[in-house]
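Open the model in your viewer and keep the selection panel at hand. The tour goes stop by stop.

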Protein chains: 2
Amino acid sequence: MENKLKELRTILAEVADLHQAAALLGWDQQTYMPVGAAEGRGFQLSTLQTLVHTKFTAPHVGELLADLEQQAGQWEADSNEARLVRVTRREYEKRTRVTSEWVSEFTQATTNAHHVWAAARAENDFGKFQPHAERIFELRRQYAHFFAPFDHVYDPLLDDFEPGLKTAEVQAIFEALRPQQVQIVQAIASKPQVDASFLHLNYDEQKQWDFGVRVISQFGYDWQHGRQDRSPHPFTQSIGLQDVRITTRLNANYLNAALFGTMHEAGHALYEMGIDPALARSPLASGASLALHESQSRLWENLVGRSLPFWEHFYPALQESFPTQLKDVSLERFYKGINRVQPSYIRVEADEATYNLHIMLRLELEIALVEGTLQVKDLPEAWNARMQEYLGAAPPNDAEGVLQDIHWSSGLIGYFPTYALGNLISVQIWERINQDVPDLPDQIRRGDFAALLSWLREKLHFHGAKFEPQELVERLTGSRIDPAPYIRYLKAKYGAIYGL
Amino acid sequence: MENKLKELRTILAEVADLHQAAALLGWDQQTYMPVGAAEGRGFQLSTLQTLVHTKFTAPHVGELLADLEQQAGQWEADSNEARLVRVTRREYEKRTRVTSEWVSEFTQATTNAHHVWAAARAENDFGKFQPHAERIFELRRQYAHFFAPFDHVYDPLLDDFEPGLKTAEVQAIFEALRPQQVQIVQAIASKPQVDASFLHLNYDEQKQWDFGVRVISQFGYDWQHGRQDRSPHPFTQSIGLQDVRITTRLNANYLNAALFGTMHEAGHALYEMGIDPALARSPLASGASLALHESQSRLWENLVGRSLPFWEHFYPALQESFPTQLKDVSLERFYKGINRVQPSYIRVEADEATYNLHIMLRLELEIALVEGTLQVKDLPEAWNARMQEYLGAAPPNDAEGVLQDIHWSSGLIGYFPTYALGNLISVQIWERINQDVPDLPDQIRRGDFAALLSWLREKLHFHGAKFEPQELVERLTGSRIDPAPYIRYLKAKYGAIYGL
């Protein structure tokens, strides 16, 4: 048994090394790769991915798992050993049930669709993208059927990103959330708007960079095991637990982009940096799910970074960096400005009050498309109707509507809900931390994030991917994913800012 | 046959992809990797290297080669197909003859030796390094015997870096070269020294960088398929033919470091960038040997970059970049300064006139150690005696003597001669180009490098690793490696500068 476990770990470690090599290739592609190197990079990544697939899905891995499962009773249920076998089994089933023909067709379809989507968005021509979207939704429906029987055809898609979570649960959560969130947005819209014009002055990019570095260093971002670079689309890349890199973008005419983007990515990175080193080079050496990951980025970006105590500490330093732009802007005005609520057509620009509405709209459409109750050709109309209903305005064109996101062209169906779930989980965790660390606001007011990070490390980060998301949220907060704390949070925060 | 060739190409392409992924990991390690990521990077590289070895040395590769060799008569001798089979066979024999036990012991020995060497150099304590050097020379001797019978025990070591070249040939070349080169150095030493003090003023690093970029852009370095970064030790890294990166180091108090370092690395890169794209993802997609590679870096650095016509074009721009430092330095004084000859203890700081003497000393010692006619414990004494004889001064300590270079601690025995051979080849090629392009000095005086690069691309770069070094030099210049042109070059150049 010891030998079999050792053998499995050796195979998984090699697979992890190949994943990490691919991660560096991906990081480089988005940061420093020369433009003319794209074709060769494609070959390198494809060879690595094929090797990962071949090594991981080898029948011998299945035999090792079967042998280990027979003896799993010897391990405690929460032990690294028991969880490693369980999580590896889950991944093994996922990867071996799907035929290689399907993988090949899906890769082909998404590779083609990506270029067409980019052109369709640029030309505001949904018709161009439509046949590709039809093909991708059809392929994802086929994918779901590899895992039949299921409660809902969307379940296997969701499971790719949130292991164990069911469509019915997400629908119930969103049904409870949506009317309340719509109501808050409407209430805010009826009040006088706050001023945020000062955020759009000219801000020196190097000073923005330096301020971001100062903030995340204070959070606990470990520069011995990470670095920050520029990229058009900010992202976090783990190249193994010892090397967790982030990127940011700088906009000389909009302070928020780098400011909150940097904190967001640092939140993702702190999660990876806090994982138990004993889990390194295994499938457990990552966050538990996309929603859990997003809960960490959102916690540092919003619950810390857009809070009043945070700015009570940092605002003098920011004013010192940008005296011309901010000397006449009071802390209160600044705080209200960065928390301004303004319904927009574009998800990635959305504020905390409206963001989840963008997500719920996408989930409803995805489910209807996978169920077959909505046709791709009717998608723009359905999109615009929901925008009108939830946010009060339909976009003027499809480029700013149904074509805005890359996800569908990449085949990422089942991914969107994780963004909203991450927001909900972040506040559930936040409420719990504030019970355990009652003077947390004072600590933040002093720029002290040590107790906060310790709490997160011990209860969440350390465990990596050992637990499934719902199980983990329950361990952390005492209940499964629940929208009530998020609604309480929005009401309290915007109640104060907008005088609701 | 077509199918077997296709199959071999597919395997070699996958091996090349893995090599390229490892190349990026290596590039990153020396440029941007966080310091705390070293252990994980070691695992990643080791897993990739093991995979490369397993894939490349599979018995099936040997069978494919044997089948293809039987039918090789159908291809022209210089065709890509015939050469691919031949070069792959050579590599296959190299890799399969050596036992995995030896590889494991060698890896272990060099990993240990590297740290000890660094400490020994820092503490100026050869005794500390001695047992490790003994082990490494013993292992390399064992390595040679995997390839018995041989004319000379050093042949298989040299062959790792210069395929097909024999120890006796290199010895004959160096025997002819050494007395003449010693004589030139002695003649220079008897003349008044030129002034180079202005090279050691303070030079803004960004302006040094910009000037280097301007120069190599004009050479033809392709920024669509490359980039330059900073690193402590400058190097060129090919991550496939579409992605050939260089690094440079900047020294605020010494103009030469970046100036000639950048041209040197660009020379290596231009070689890789000029390889026939049809050879991509195969063992032919690299330079023909280390000496051929060095001939290209030295050609651009020295024969172009330290020439008077080059500075007739670029010196006004350099003066414009550094008016304070250079306004009172005439072109003639500048040209003499950058070509100052000054025997030194350290190889990497050596000028063109003394450099080869450092190499010849190392080769003689390596051969004696591998033959067993010299013992490692007697190495410092032998080193210092030769320094006295060739360069007129023994180093004051072993740190600046026998311990200065990293090569032996890394197991790179057989590597040193390639530096000197590269110098010789560079002038052989240069004489030939000047016959074919008689107005080349005028073109360089105008800053026009197009004809030069075209010549090199067509006759040398394009062929990649299809030909062995001696064969290639003969094709290029009409004779095998020959020291006479280099001696002519040194006499003419330093005759003019020092009035010999």
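Start with the two domains of chain A, whose centres lie 28 Å apart, taken over C-alpha atoms. This is a predicted model. To colour the domains, use the assignment: residues 2-97 for domain 1 of chain A and 116-500 for domain 2 of chain A.

**Where the domains touch**

Now show the contacts between the two domains. On one side, 20 residues of domain 1 of chain A take part; they meet 21 residues of domain 2 of chain A. Which helices each supply at least two residues of the domain 1 side? Select helix 1 (2-31) and helix 4 (80-97) of chain A. Helix 1 of chain A gives the most to that side, with 12 residues. Colour the domain 1 side by residue class: eight are nonpolar, six polar and six charged.

**All of chain A**

Zoom out to the whole of chain A. Switch to cartoon: the chain holds 21 helices and three strands. Draw a box along the principal axes, and the C-alpha atoms fill roughly 70 × 50 × 50 Å. How does the radius of gyration of chain A stand against that of a compact globule? For 500 residues, such a globule would have a value near 23 Å; chain A has 23 Å, so the two agree.

**Chain A against chain B**

Bring chain B into view. Superpose chain B on chain A: a turn of 180° and a shift of 0.0 Å along the axis do it, with an RMSD of 0.0 Å. The two copies are therefore related as by a two-fold rotation axis. Both copies use the same surface, since 100% of the contact residues of chain B recur in chain A. Which residue of chain B comes closest to the rotation axis? Select Ala21(B): its C-alpha is at 3.3 Å.

Next, select the interface itself. Here 30 residues of chain B are in contact with 30 residues of chain A. On the chain B side, helix 1 (2-31) and helix 2 (38-56) each supply at least two residues. Helix 1 of chain B gives the most, with eight residues. By class, the chain B side divides into 13 nonpolar, 10 polar and seven charged residues.

**Helix 17 of chain B and its partners**

Move on to helix 17 of chain B, residues 417-436. Add helix 20 of chain B, residues 469-477. The two axes come within 9 Å and cross at roughly 25°. Parallel or perpendicular? An angle under 35 degrees counts as roughly parallel, so helix 17 and helix 20 of chain B are roughly parallel to each other. Show side chains: Ile425(B), Gln428(B), Ile429(B) and Arg432(B) of helix 17 meet Val473(B), Leu476(B) and Thr477(B) of helix 20. This contact is made up of four nonpolar residues, two polar and one charged.

Now swap helix 20 for helix 21 of chain B, residues 484-498. Helix 17 and helix 21 of chain B pack at an angle of about 80°, their axes 8 Å apart. That makes helix 17 of chain B roughly perpendicular to helix 21 of chain B. From helix 17, pick Asn423(B), Leu424(B), Val427(B), Gln428(B) and Glu431(B). Facing them in helix 21 are Pro485(B), Tyr486(B) and Tyr489(B). Five of the contact residues are nonpolar, two polar and one charged.

Finish on Gln428(B). This residue of helix 17 is listed in the contact with helix 20 of chain B and in the contact with helix 21 of chain B.

Terms used. Residues are numbered from 1 along each chain as its sequence is written. Chains are lettered from A and ligands numbered from 1 in the order in which they are written. Axes are lines fitted to C-alpha atoms, for helices over the stretch in contact, and angles run from 0 to 180 degrees between N-to-C directions. Helices (H or I, at least four residues) and strands (E, at least two) are DSSP runs, numbered from the N terminus. Angles under 35 degrees count as roughly parallel, over 145 as roughly antiparallel, 65 to 115 as roughly perpendicular and the rest as oblique. Two residues are in contact if their C-beta atoms, placed from the backbone, lie within 7 Å. Ala, Val, Leu, Ile, Met, Phe, Trp, Tyr, Cys and Pro count as nonpolar, Asp, Glu, Lys and Arg as charged, and the others, Gly among them, as polar. Copies are superposed by least squares on the C-alpha atoms of residues with pLDDT of at least 70 in both. Domain bounds come from an automatic or database domain assignment. The radius of gyration is taken over C-alpha atoms; the globule rule is 2.2 Å times the number of residues to the power 0.38.
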